[in-house]
Number of protein chains: 2
Amino acid sequence: MIRINSQEGTPIYIQIVRQFKYLIATGSLKSGDELPPVRVLAQQLLINPNTVAKAYRELESDGLIYTRPGAGTYVAEPRTLFSDEERIRILSEKVDVLLTEAKHLNFSLSELLHLIQVRAKFLNIYTEEV
Amino acid sequence: MIRINSQEGTPIYIQIVRQFKYLIATGSLKSGDELPPVRVLAQQLLINPNTVAKAYRELESDGLIYTRPGAGTYVAEPRTLFSDEERIRILSEKVDVLLTEAKHLNFSLSELLHLIQVRAKFLNIYTEEV
DNA sequence: CAAATTGTATTAGTATAGTAATACAGTAAT
DNA sequence: ATTACTGTATTACTATACTAATACAATTTG
């Protein structure tokens with residue numbers, strides 16, 4: 001379910017976080033689904049359970065999962081945690097960074113918008129047509 | 001020209017990099033323009049010249065500026081450093097991350113696309129209409 | 001209740017990041 | 001050539017990140 005790459009340099013727990021984010025965003029993991037126990041995933045990946053726990057803590061602080069100590073860890077409901085203003089503010093920061101990157105890579109705005117739609121379809125994150 | 005925030009936690013040199021990236025992307029700094037000498041900017045910001053130098057090194061490795069030791073540091077030509085495949089590969093990674101974030105924040109695809117155009121106009125990075 | 005399974009806290013070791021002090025080396029201008 | 005500027009390299013200190021070993025606490029299950 002999860003794969004880590006020791007070569008790549010990015011911290012193990014970050015790799016785990018990122019992959020679960022994708023799995024949740026694409027719907028491979030749905031609300032209520034249980035994540036593997038920290039010890040199970042740790043043994044699969046040959047790492048320390050605490051490293052998995054750290055990843056889970058990060059996902060929980062993002063509101064994507066919740067943990068019940070003694071019971072397990074589950075995918076949270078996709079409730080809107082923030083106000084509209086805050087949602088826009090959070091995403092705008094990331095959009096601005098992307099726009100800057102795109103500009104430096106010589107992408108035009110329409111090329112960027114097109115790429116986003118291509119990737120959305122490829123990742124199967126959004127089913128809507130635009 | 002540059003401002004740093006000691007509270008915010010993000011490393012000083014990263015803050016410097018980010019701000020120069022914006023200045024270049026928005027055209028406030030154009031090809032050939034000289035960046036302030038490391039000592040000058042360091043004194044303005046009350047930090048060590050080496051910290052500024054580190055920021056400049058990062059910008060140079062991104063191809064945005066070039067330095068001539070003994071002379072100064074200048075904004076590079078906006079030449080395309082990469083092949084089309086590579087440009088798309090690099091940007092796709094960042095797009096994927098943004099799409100995942102947008103999904104978790106309950107943005108629809110069209111809302112995301114709209115926000116991008118709004119921000120592009122606001123930042124004045126792209127002048128084209130879509 | 002007892003046993004097994006869950007996540008958590010504590011502690012520690014190692015590596016790396018971040019910043020700085022200082023000395024070095026190359027360029028430009030007079 | 002000398003002086004005054006450039007960026008660079010070396011070294012070192014400090015804090016934090018990352019991972020792990022181990023013990024703890026809470027829930028579930030029989």
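In this predicted model, helix α1 of chain B runs over residues 12-25, 14 residues in total. At 1.5 Å a residue that should give a span of 20 Å, and the end C-alpha atoms do sit 20 Å apart, so expectation and model agree. Several residues of this helix are buried: Tyr13(B), Ile16(B), Phe20(B), Lys21(B), Ile24(B) and Ala25(B). They take up an arc of only 160° around the axis, which means that they share the same side of α1(B). The general geometry of a helix helps here: with 3.6 residues a turn, residues three or four places apart point the same way. As for what lies over the buried residues of α1(B), the cover includes α4 (84-104) from chain A, along with α3 (49-61) and β3 (72-75) from chain B itself. After α1(B) comes Gly27(B), which has a positive phi, near 85°.

The cover from chain A leads on to how the two protein chains meet. Here 37 residues of chain A are in contact with 37 residues of chain B. On the chain A side, the elements that put in two or more residues are α1 (12-25), α4 and α5 (109-123). Of these, α4(A) gives the most, with 15 residues. Sorted by class, the chain A side of this contact has 22 nonpolar, 7 polar and 8 charged residues. Chain A is also split by its domain assignment into domain 1 (12-75) and domain 2 (84-123). The centres of these two domains, taken over C-alpha atoms, are 27 Å apart.

Then there is the DNA. Strand D is surrounded by 27 residues, and the closest are Ile12(A), Ile47(A), Asn48(A), Gly70(A) and Pro37(B). Both chains chip in: α1 and α3 (49-61) of chain A, plus α2 (38-45), α3 and β3 of chain B, each give two or more residues to the surface near this strand. The most come from α3(B), with 5 residues. By class, this surface has 14 nonpolar, 9 polar and 4 charged residues.

Strand C has 26 residues around it, with Pro37(A), Ile12(B), Ile47(B), Asn48(B) and Gly70(B) the closest. Two or more residues apiece come from α2 (38-45), α3 and β3 (72-75) of chain A and from α1 and α3 of chain B. For this strand the largest share, 5 residues, belongs to α3(A). The surface near strand C breaks down into 13 nonpolar, 9 polar and 4 charged residues.

Key: Residues are numbered from 1 along each chain as its sequence is written. Chains are lettered from A and ligands numbered from 1 in the order in which they are written. This is a predicted model: local features need pLDDT of at least 70, side-chain atom pairs count only at pLDDT 80 or more; totals for chains, interfaces and linings use all residues. Helices (H or I, at least four residues) and strands (E, at least two) are DSSP runs, numbered from the N terminus. The expected span of a helix is 1.5 Å times one less than its number of residues. A residue is buried if 20 or more other C-beta atoms lie within 10 Å of its own, exposed if 12 or fewer, and partly exposed in between; C-beta atoms are placed from the backbone. The arc is that of the directions from the helix axis to the C-beta atoms. Two residues are in contact if their C-beta atoms, placed from the backbone, lie within 7 Å. Ala, Val, Leu, Ile, Met, Phe, Trp, Tyr, Cys and Pro count as nonpolar, Asp, Glu, Lys and Arg as charged, and the others, Gly among them, as polar. A residue is near a molecule or strand if its C-beta atom, placed from the backbone, lies within 6 Å of it. Domain bounds come from an automatic or database domain assignment.
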